[in-house]
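I opened a new page for this model and listed what to look up. The entries follow in the order in which I made them.

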Amino acid sequence: MIENLTVTQLLATFVGLYLMAAGIGLLHERDSYSKMLNEFRDNTALGFVTGAFVLALGAAMVSLHNLWTGPLAIIVSVIAWWTLIKGFCLLAIRNQFLRLADAIAIENSALLGTLIIVLGTALLAAGLVGA
């Protein structure tokens, strides 16, 4: 079954799985996520390595999928570009970027976790069904 999926469908499926896991983790391990973000902020080397990895992942995603032909393709392309931009920001302006993440994530973690699960489920379903 997976061998019949397009690149758009594969990326939607894998990103959907990631988002579902991250959203569930955020809902169930709210304190751990807050602690993890604080530790990430304090560890410059980890921040650099993560930024480099996310930048490379985003570049690979954009290289494989820069398609703007339909709703699912557009969503996957936006996620690919966001991943690339996020990696750049983690390398270039990490502290400012993490302050923004703090403002969004910590105070609204229940809502954010729920929205991430919904988006992940929708991407997973769309990727597997091909919508």
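**Entry 1: Thr114**

I began with Thr114, which I found in helix α6, residues 109-129. The model is a predicted one, and I read every value below with that in mind. I looked up the accessibility of Thr114 and got 39% relative accessibility, so I noted Thr114 as partly exposed. I then took the C-alpha distance from Thr114 to Leu27 and got 7.5 Å, for two residues 87 apart in sequence.

**Entry 2: Ile24**

Next I turned to Ile24, which sits in helix α1, residues 7-28. Its relative accessibility is 40%, so Ile24 also goes down as partly exposed, since that class covers what lies between under 20% and over 50%. From Ile24 I went to Asn95, 71 residues away along the chain, and the C-alpha atoms came out 26 Å apart.

**Entry 3: Trp81 and Val62**

Which residues does Trp81 contact, leaving aside its neighbours within four places in sequence? I listed Val62, Asn66 and Trp68. Trp81 itself belongs to helix α4. At 33% relative accessibility I entered Trp81 as partly exposed. I also checked Trp81 against Leu55, 26 residues away along the chain, and the C-alpha separation is 9.8 Å.

I followed the contact to Val62, which lies in helix α3, residues 44-64. Is Val62 buried or exposed? Its relative accessible area is 11%, so I put Val62 down as buried, the cut-off for that class being under 20%. Not counting residues up to four places away in sequence, Val62 touches Ala80, Trp81 and Leu84. I added the C-alpha separation of Val62 and Ser77, which is 6.8 Å for residues 15 apart along the chain.

**Entry 4: aromatic rings**

How many aromatic pairs does the count give? I got one aromatic pair. The rings are those of Trp82 and Phe97, with centres 6.1 Å apart and planes at 40°, so I recorded the pair as tilted. I placed Trp82 in helix α4, residues 71-92, and Phe97 in helix α5, residues 94-105, so the pair ties together parts 15 residues apart in sequence.

I then looked up the accessibility of the two partners. Trp82 has 43% relative accessibility and therefore counts as partly exposed. Phe97 has 13% and therefore counts as buried.

**Entry 5: the whole chain**

I left the single residues and went through the totals. The secondary structure consists of six helices and zero strands. Read from the N terminus, the order of elements is α-α-α-α-α-α.

Why does the radius of gyration agree with a compact globule? For 131 residues such a globule would have a value near 14 Å, and I found 15 Å for the protein, so I noted the two as in agreement. I also wrote down the extent of the C-alpha trace along its principal axes, which is about 45 × 30 × 20 Å.

For burial, I noted that 35% of the 131 residues are buried. For contacts, I took those between residues at least 6 apart in sequence, and 72% of them join residues at least 24 apart.

**Entry 6: surface and charge**

I looked up the accessible surface of the protein and got about 7,900 Å². Carbon and sulfur atoms account for 72% of that surface.

What is the tally of charged side chains? I counted 6 positive and 7 negative ones. The centres of the two sets lie 7 Å apart.

How values were computed: Residues are numbered from 1 along each chain as its sequence is written. This is a predicted model: local features need pLDDT of at least 70, side-chain atom pairs count only at pLDDT 80 or more; totals for chains, interfaces and linings use all residues. Side-chain values use heavy atoms; hydrogens and water are left out. Helices (H or I, at least four residues) and strands (E, at least two) are DSSP runs, numbered from the N terminus. The radius of gyration is taken over C-alpha atoms; the globule rule is 2.2 Å times the number of residues to the power 0.38. Buried means under 20% relative accessible area, exposed over 50%, partly exposed in between (1.4 Å probe, protein chains only). Contact means heavy atoms within 4.5 Å. Accessible areas come from the Shrake-Rupley method with a 1.4 Å probe; for residues, only the protein chains shown count as cover. Lys and Arg count as positive and Asp and Glu as negative; His and the chain ends are not counted. The place of a charge is taken as NZ of Lys, CZ of Arg, CG of Asp or CD of Glu. Rings of Phe, Tyr and Trp (its six-membered ring) pair if their centres lie within 6.5 Å; planes under 30 degrees apart count as stacked, over 60 as edge-to-face and the rest as tilted.
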